[in-house]
Amino acid sequence: MLKRRTVPTWLRTGFYWFLAFEFFVGFATKFWPGETFFGPAYSEKFADWGFDPNMRYLVGAMELVCAILLVVPRRQSRFLGAAGLVLLLTGAVTTHVIDDAPVYEEVSAPLHLVIMLCVAAVNWPADPHELIRWRSAPALHKRSTSPAPQRS
């Protein structure tokens with residue numbers, strides 16, 4: 001019998017926390033009013049890209065929510081976080097390619113997009129109803145099949 005190889009839980013958890021930290025840094029820099037270690041303030045960058053400078057708050061908030069979802073130890077939340085970041089990163093990749101951004105931005109955004117696609121694929125729910133059903137199925141079944149109290 002072949003033994004199935006799996007990634008240790010501590011390594012998977014560490015990977016999700018590392019990704020969440022990266023997007024938390026992205027959130028923090030979007031809300032930072034001045035220059036960041038990535039260059040000029042994001043209010044200036046968004047204006048240069050042709051967006052409302054205040055849109056950086058929406059993008060930063062989405063990064064924060066998705067980063068939190070990545071570290072919640074449930075497949076549903078990790079899938080939703082990764083899927084949200086796929087949407088966000090698709091816009092980032094498009095913006096950086098059209099804008100002719102520096103090389104690190106043109107490499108970083110597509111790389112993170114591919115990583116998030118992989119994370120979403122790994123956490124893809126077997127049944128789409130799992131995304132809205134947060135309690136485990138056996139607990140729901142156990143509760144619904146318990147006998148009703150009898151009256152005397």
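A helix here is a DSSP run of H or I covering at least four residues, and helices are numbered from the N terminus. Keep that in mind when you pick elements by name. The model on screen is predicted.

**Stop 1: the whole chain**

Show the cartoon. It has six helices and zero strands. Followed along the sequence, the pattern reads α-α-α-α-α-α. Now colour by burial. Of the 152 residues, 31% are buried. Switch on the surface. Its accessible area is about 10600 Å², and carbon and sulfur atoms own 68% of that. Then look at contacts with a sequence separation of 6 or more: 60% of them join residues 24 or more positions apart.

**Stop 2: helix α1, start at Phe-27**

Select Phe-27, a residue of helix α1. Is Phe-27 buried or exposed? Its relative accessibility is 17%, so Phe-27 counts as buried, the limit being under 20%. Show what surrounds the residue. Setting aside residues up to four places away in sequence, Phe-27 touches Gly-60, Ala-61, Glu-63 and Leu-64. Now draw a C-alpha distance from Phe-27 to Val-65. The two are 38 residues apart in sequence, and the distance reads 9.4 Å.

Step along to Ala-28, also found in helix α1. Ala-28 is partly exposed, at 31% relative accessibility. Draw another C-alpha distance, this time to Ala-61. It comes to 9.3 Å, for a pair 33 residues apart along the chain.

Go back along the helix to Thr-13. This residue, too, is found in helix α1. At 29% relative accessibility, Thr-13 is partly exposed. Which distance separates the C-alpha atoms of Thr-13 and Pro-73? The answer is 8.1 Å, with their positions 60 residues apart along the chain.

**Stop 3: the salt bridge**

How many salt bridges does the structure hold? It holds one. Select Lys-30 and Glu-63 to see the pair. Their closest N and O atoms are 3.3 Å apart. Lys-30 belongs to helix α1, residues 9-31, and Glu-63 to helix α3, so the bridge ties together parts 33 residues apart in sequence. Side chains of opposite charge can pair when their charged atoms come close.

Check burial at both ends. Lys-30 is buried, with a relative accessible area of 8%. Glu-63 is buried as well, at 8%.

Keep Glu-63 selected and expand to its contacts. Ignoring neighbours within four places in sequence, Glu-63 meets Phe-23, Gly-26, Phe-27, Lys-30, Leu-85 and Leu-88. Phe-27 from the previous stop is on that list, as is the salt-bridge partner Lys-30.

**Stop 4: Arg-56, a charge without a partner**

Move along to Arg-56. It lies in helix α3, which spans residues 55-71. Arg-56 is buried, yet it has no salt bridge. Where is the nearest side chain of opposite charge? That is Asp-52, 8.1 Å away. A salt bridge needs the nitrogen and carboxyl oxygen within 4 Å, so the distance to Asp-52 does not qualify.

What does the side chain of Arg-56 reach instead? Show backbone atoms and look for the oxygen of Trp-32, at 3.3 Å. Then expand the selection. Leaving out residues up to four places away in sequence, Arg-56 touches Lys-30, Phe-31, Trp-32, Tyr-42, Ser-43 and Phe-46. Note Lys-30 in that list; Lys-30 also forms the salt bridge with Glu-63.

**Stop 5: the nonpolar patch**

Turn the surface back on. Select Phe-51, Met-55, Leu-58 and Met-62. Together they form a nonpolar surface patch with about 330 Å² of accessible area. Phe-51 sits in the loop between α2, residues 42-48, and α3. Its relative accessible area is 33%, which makes Phe-51 partly exposed. Patch members need over 30%, so Phe-51 clears that cut-off.

**Last view**

Show three selections together. Take the Lys-30 and Glu-63 salt bridge, Arg-56 with the backbone oxygen of Trp-32, and the patch of Phe-51, Met-55, Leu-58 and Met-62.

Key:
Residues are numbered from 1 along each chain as its sequence is written. This is a predicted model: local features need pLDDT of at least 70, side-chain atom pairs count only at pLDDT 80 or more; totals for chains, interfaces and linings use all residues. Side-chain values use heavy atoms; hydrogens and water are left out. Helices (H or I, at least four residues) and strands (E, at least two) are DSSP runs, numbered from the N terminus. Buried means under 20% relative accessible area, exposed over 50%, partly exposed in between (1.4 Å probe, protein chains only). Lys and Arg count as positive and Asp and Glu as negative; His and the chain ends are not counted. A polar contact is a pair of N or O atoms within 3.5 Å; within protein, one must be able to donate a hydrogen and the other to accept it, and residues adjacent in sequence count only if both atoms are side-chain atoms. Contact means heavy atoms within 4.5 Å. Patches are made of residues with over 30% relative accessible area and no salt bridge: like charges are joined within 9 Å, nonpolar side chains (Val, Leu, Ile, Met, Phe, Trp, Tyr) within 5 Å. Accessible areas come from the Shrake-Rupley method with a 1.4 Å probe; for residues, only the protein chains shown count as cover.
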